[in-house]
Amino acid sequence: MKVIFDSDANNELDDQHALAYLLLNGDTFKVDAVTVNATYNGGDIQGHYEEALRILKLCNLANEVPLLKGANGNFNSIIEDWDPNSYDGKEGVDYLIKATKREPIVIIAVGKLTNIALALKKDPTFAQRTKIVWLGSNYPEPGEYNQDNDTIAMNYVLNSSIPFEMVTVRYGKPSGTDAVKVTKKEINEKMPGIGPKAIETVIGRHGGEFDNFGDYSVSLFEYIDYHGDPPSRPLFDMVAVAILKDETWGEIRSIPAPILINNKWEERPDNPRKITIWENFKKEELLEDFYKTLLNPIPVSN
């Protein structure tokens with residue numbers, strides 16, 4: 001399966017784990033490119049670019065997989081004075097449009113949907129050439145980070161015709177990706193030293209030098225807040241990659257596309273436009289495959 005990974009890589013730590021998992025599953029995926037966008041916890045676009053580059057370098061793929069900057073701002077502000085020849089995010093968005101004209105490509109979006117909405121705005125035929133697998137939303141409840149970073153972009157995509165699969169988050173619920181949690185103890189036991197040995201040593205986001213993703217993972221988990229009992233952290237974004245590798249690791253259902261108005265989901269039962277909802281993920285199988293992949297990495301090709 002050929003994919004493009006669209007990420008706010010510098011936000012937390014799940015993007016990095018999802019990207020490494022994707023890049024080292026070369027028997028399942030080809031990665032055409034990585035595009036980044038900026039969300040409010042991760043700083044501006046340069047920080048997201050640099051964090052994605054660290055992961056590409058740790059997987060020895062920085063010279064193989066293109067990395068492009070998408071939107072720094074949000075959809076509404078970017079289209080206010082819309083100039084299709086010059087706009088925030090042009091490099092990444094134009095790449096999405098161009099790449100999907102060459103061949104079928106699935107876009108795994110694990111941040112806000114600004115880049116996707118901009119691609120639809122610039123070229124409506126984009127909707128006919130790809131599908132979006134998006135990690136986001138607490139549907140049918142409000143409030144979720146990726147969604148809230150650009151609600152207008154999400155609604156724009158929901159109102160388009162592009163095939164759209166929503167991999168639910170659902171904070172605090174067992175039915176969403178929030179349930180795919182790991183503890184610091186588990187990471188410290190499982191991750192040290194695993195992944196390919198990097199040709200080039202990487203300086204981490206929080207300092208330190210790293211030559212494999214496993215050690216960088218341990219570092220990322222040193223600088224994150226934990227929640228729940230036992231204290232743990234979800235690997236949300238990794239699930240969006242996993243269910244494309246094996247669809248039995250989640251459950252799917254089709255619904256008429258809803259819309260979010262005033263932070264409340266409104267159902268549209270007569271809407272002929274259908275989207276797919278992913279929920280009820282198999283945590284143990286997902287995490288077992290994640291660790292197995294890092295222990296036996298197969299780098300992707302482009």
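**Exercise 1.** In this predicted model, determine how helix α2 and helix α9 cross, and which residues make the contact.

*Solution.* Begin with the axes: those of helix α2 (residues 45-58) and helix α9 (residues 213-222) come within 10 Å and cross at roughly 145°. Next, list the residues that touch, which are E51, R54, I55 and L58 on the α2 side, and F213, Y216 and L220 on the α9 side. Finally, sort these residues by class, which gives five nonpolar, no polar and two charged residues for the contact of α2 with α9.

**Exercise 2.** Describe the packing of helix α10 against helix α11 and classify their relative orientation.

*Solution.* Helix α10 (residues 236-245) packs on helix α11 (residues 283-295) at an angle of about 90°, and their axes lie 11 Å apart. Because angles of 65 to 115 degrees count as roughly perpendicular, α10 is roughly perpendicular to α11. The residues in contact are M238, V239, A242 and K245 from α10, together with L286, L287, D289, F290 and T293 from α11. Sorted by class, the contact of α10 with α11 comprises six nonpolar, one polar and two charged residues.

**Exercise 3.** Establish whether strand β14 is mostly covered or mostly open, and work out how β6 and β11 pair with β14.

*Solution.* Strand β14 (residues 274-279) is mostly covered, since five of its six residues are buried, where buried means under 20% relative accessible area. Turning to its partners, strand β6 (residues 164-167) runs parallel to β14 and is joined to β14 by three bridges, with V167 having W278 of β14 as its bridge partner. Strand β11 (residues 251-256), by contrast, runs antiparallel to β14 and is joined to β14 by six bridges, and here I255 stands opposite I275 of β14.

Technical notes:
Residues numbered from 1 in each chain as written. Predicted model: local features only at pLDDT ≥ 70, side-chain atom pairs only at ≥ 80, totals over all residues. Heavy atoms only, no water. Axes fitted to C-alpha atoms, helices over the stretch in contact; angles between N-to-C directions. Helix = DSSP H or I, 4+ residues; strand = E, 2+ residues; numbered from the N terminus. Parallel < 35°, antiparallel > 145°, perpendicular 65-115°, else oblique. Contact = heavy atoms within 4.5 Å. Nonpolar A, V, L, I, M, F, W, Y, C, P; charged D, E, K, R; others polar. Buried < 20%, exposed > 50% of the residue type's maximum accessible area, 1.4 Å probe, protein only. Pairing = 2+ DSSP bridges.
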